[in-house]
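Reader: Before the terms used for this model are accepted, their basis should be set out. Please take them in turn.

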Amino acid sequence: MIESIIGVIFSPQVVFSICVLIAAGVLWHMIRKGEIAYMQRKNSQGHGARQSAISRICMDIIKYGIVAGTVLLILQLNGVNVTSLIAGLGLVSAIVGLALQDVLKDTIMGIHMVTDHFFEVGDVVRYGNFEGIVISFNMKTTKLRSIYDNSIMTICNRNISEIVKLSDWLDIDLPLSYEEDRKKVNGVLEKCCTRIRAAEGIEDCLYKGVQEFADSAVLYKIRLVCRPEKKPELRRMALGILQEELEKAMITIPYPQMDVHSKK
């Protein structure tokens, strides 16, 4: 009895299966150790937040691949016809696939987002009318935090057909009356840009000149360069400086007016 148990334990199938398990464990440990070293290097360079989500997704894929490969190899070593097993599971897989099609769509889209570099954690994006910071994303969902009110939107990856990654430009079109002296306006707006440029959070501020001749005003363009998530706050600050300097220079901002003529 004991001899038969020992014979089973030390049979080639069991020994090879244990070796496969050990090899899979060593392989996963080496991959995990390399991933930790890679993330530590990225953290020291200031890119850890951007790479963490991608790294987590890749590690999940590798882990599931190692587990599936190990199970199939052990079954094959123990006399199970893996090819026939996979063929027999085809119908079951089709039924499960139909039941979990939304999950599969999320996963496929998540892989597509990672490989095509749609965005990274920390980027500011626009999805529909929602502008927010990407705080996390995985194979199923993406989470955005609004730059206006800190509300959080969770999006299923299958619903993301397109997304806009916002730049660091913020344009302000300032309407001023046609009657204002152009040289005076240019001087005042250049002074405004100098003040705005010195504010905290502003990387640069440029006066671009006349943007458009509108129906009741001339539009002058001012461009701010700042971090996208700071745009609402810095826009309010810039508008305050513009209003203050225009009032000092006795330049009025026109408002819509209508002349009504009546016949006697």
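Author: The following exchange sets values beside the definitions that apply to them. This is a predicted model, in which local features need pLDDT of at least 70, side-chain atom pairs count only at pLDDT 80 or more, and totals for chains, interfaces and linings use all residues. Residues are numbered from 1 along each chain as its sequence is written, and side-chain values use heavy atoms, with hydrogens and water left out.

Reader: How do you know that β1 and β2 pair, and in which sense do they run?

Author: Two strands pair if DSSP finds at least two bridges between them, a strand being a DSSP run of E with at least two residues, numbered from the N terminus. Strand β1 (residues 124-127) and strand β2 (residues 130-137) are joined by 4 bridges and run antiparallel, so the criterion of at least two bridges is met. One partnership is that of V124 with I133 in β2. The two strands form a hairpin with 2 residues between them, and G128 in the turn has a positive phi of about 65 degrees.

Reader: What makes β2 and β3 a pair?

Author: Strand β3 (residues 141-146) pairs with β2 over 5 bridges in the antiparallel sense. Within β3, S146 stands opposite G132. A hairpin of 3 residues links β2 to β3.

Reader: Which strands stand at the edges of the sheet, and why?

Author: The open sheet has 5 strands in the order β4-β3-β2-β1-β5, with antiparallel pairing. β4 (152-156) and β5 (164-165) each have a single partner strand, so one side of each is left without a neighbour in the sheet.

Reader: Why is β2 called mostly covered?

Author: Buried means under 20% relative accessible area, exposed over 50%, and partly exposed in between (1.4 Å probe, protein chains only). By that definition, 6 of the 8 residues of β2 are buried.

Reader: How does the span of α6 compare with the expected one?

Author: A helix is a DSSP run of H or I with at least four residues, and its expected span is 1.5 Å times one less than its number of residues. Helix α6 (residues 101-115) has 15 residues and reaches 21 Å from its first C-alpha to its last, close to the 21 Å expected.

Reader: Where do the buried residues of α6 lie around its axis?

Author: D106, M109, G110, M113 and V114 are buried in α6. Seen down the helix axis, the buried residues fall within an arc of 140 degrees, so they line one face of α6; the arc is that of the directions from the axis to the C-beta atoms.
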